[in-house]
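User: Please take a close look at the aromatic rings of this model and at what surrounds them, and set the findings out as one connected account.

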Amino acid sequence: MKTEANAAAQAKELKTFPCDRQLLSARFSSCGTVLASGAMDRVVMRWSVVDDQLIPLPPIEGANGWVQSIAFHPSEKVLFVSDSWGRLACTPCDGDAPVVHWEHGAAHDGSIRKLAVSPDGTRLATCGADRFVRIWNSSDGALVTTHEHAADVFAVTFTPDGTHLVFGDLFGRLFALDSGAGKIVREFDAGLFYKLSRLQDVGGLRTLTFLAGGSTLVAGGCQPENGGFLEGAPLVLGFDFNSGKLVSETRPGGVKDGFIHDLAWHPIGFLVAVTSGQPGAGKLVFLNPGEKEPTYTNGSMANCHAVALHPNGRRIVVTSTNRDSNGNGRLTTKDGQYPTNSSPLHLFEVVG
């Protein structure tokens, strides 16, 4: 649906905060006073949020690999952290030296691609490259249920009422799992996220979320054009959750714009998304459900990996890659070394 409020919404960049490492994931705490971001060098970076300032806090250490997905508890000052080696942990989100509440060194055999917290905060879901989906008790880390899938799993999210867990796989198949009974009750065809190219299974699904009310499931990622040096167009698909029917397709970019890596639902009624493409292309876009084109686009950044929406809806933080990164095709420096990759944080205000 399109309203005057969400049709006019734009983003004004207020400040850019430097960061000396590459960041993958970013989220605000439920109280809005802490911003956390998972890094490639096995730490979670933290900032105290004071008005339009991000004041650095000591990082949270203990991860074994890339911190690809993080999530805050919806009402407690607790942060859940997963990494590319399969570690899952729960830690306080504030304080100078948070102590781990609980952890599993091998919650999955290999990379945990995504984690999600149930709306009431009692359960935690993870999915990984080992083809498993698992649900955990968030308070003590006890395993609640395990679902073994037939393919690699890339994304996971709970329904707003917490009764179902939705996950998506390499081939663009989405499944609704009854989170209590542990049984698949519904399937969605998101095959546009998959392509067999040059003997490669190319999977483009990256993120799942629900629109307000829970009637519409949204999947984001890339519609692959080819394998090898992958090219493809950002893609957002909307499904009626009850019927499983595809109800919308949006492509906010061309075949050079790559993946939608992160999505957030803004309370005034639009989707906030970030993209990462080739070479060194990144965008922040606002999307109205059901419309073909974005209502707002900011293409001033390099590859974007995460978007964090403040609880008050007025602030957005985007993590990108620095423009002089070697990942963006830069030559070596005069001393023969590649420039260090880093992730500036872009602070935006929602206006209009």
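Analyst: A charge counts as sitting over a ring if NZ of Lys or CZ of Arg is within 6 Å of the ring centre and within 35 degrees of the ring normal. In this predicted model, the charged end of R186 sits over the ring of F241, 4.8 Å from the ring centre. A second arrangement of this kind involves R134, whose charged end sits over the ring of F132 at 4.5 Å from its centre.

The ring of F241 also belongs to a group, since F188, F210, F239 and F241 form one aromatic cluster. The pairs can be taken in turn, and a pair of aromatic rings is described by the distance of the centres and the angle of the planes. The structure holds 8 aromatic pairs. One of them joins F80 and W102, whose centres are 6.4 Å apart with 45° between the planes, an arrangement classed as tilted. Because F80 lies in strand β7 (residues 78–82) and W102 in strand β9 (residues 102–104), this pair ties together parts that are 22 residues apart in sequence. Both F80 and W102 are buried.

Within the cluster, F188 and F239 form an aromatic pair. The pair of F188 and F239 is edge-to-face, with 5.7 Å from centre to centre and 65° between the planes. The pair links distant parts of the chain, for F188 is in strand β17 (residues 183–189) and F239 in strand β22 (residues 231–240), 51 residues apart. F188 and F239 are buried as well.

Two members of the cluster, F210 and F239, also have a non-aromatic neighbour in T216. T216 lies in strand β21 (residues 216–226) and touches T209, F210, L211, G238 and F239, leaving aside residues up to four places away in sequence. With a relative accessible area of 18%, T216 is buried, the cut-off for that class being under 20%.

Beyond the rings, the cysteines deserve a brief look. The structure holds 0 disulfides. C127 is accordingly in no disulfide, and the nearest cysteine sulfur, that of C222, is 18 Å away, whereas a disulfide would need the two sulfur atoms within 2.5 Å. C127 is buried, with a relative accessible area of 0%. C304 is likewise in no disulfide, the nearest cysteine sulfur being that of C19, 15 Å away, and C304 counts as buried at 0% relative accessibility.

Note on methods. Residues numbered from 1 in each chain as written. Predicted model: local features only at pLDDT ≥ 70, side-chain atom pairs only at ≥ 80, totals over all residues. Heavy atoms only, no water. Phe/Tyr/Trp six-rings, centres within 6.5 Å; stacked < 30°, edge-to-face > 60°. Helix = DSSP H or I, 4+ residues; strand = E, 2+ residues; numbered from the N terminus. Buried < 20%, exposed > 50% of the residue type's maximum accessible area, 1.4 Å probe, protein only. Contact = heavy atoms within 4.5 Å.
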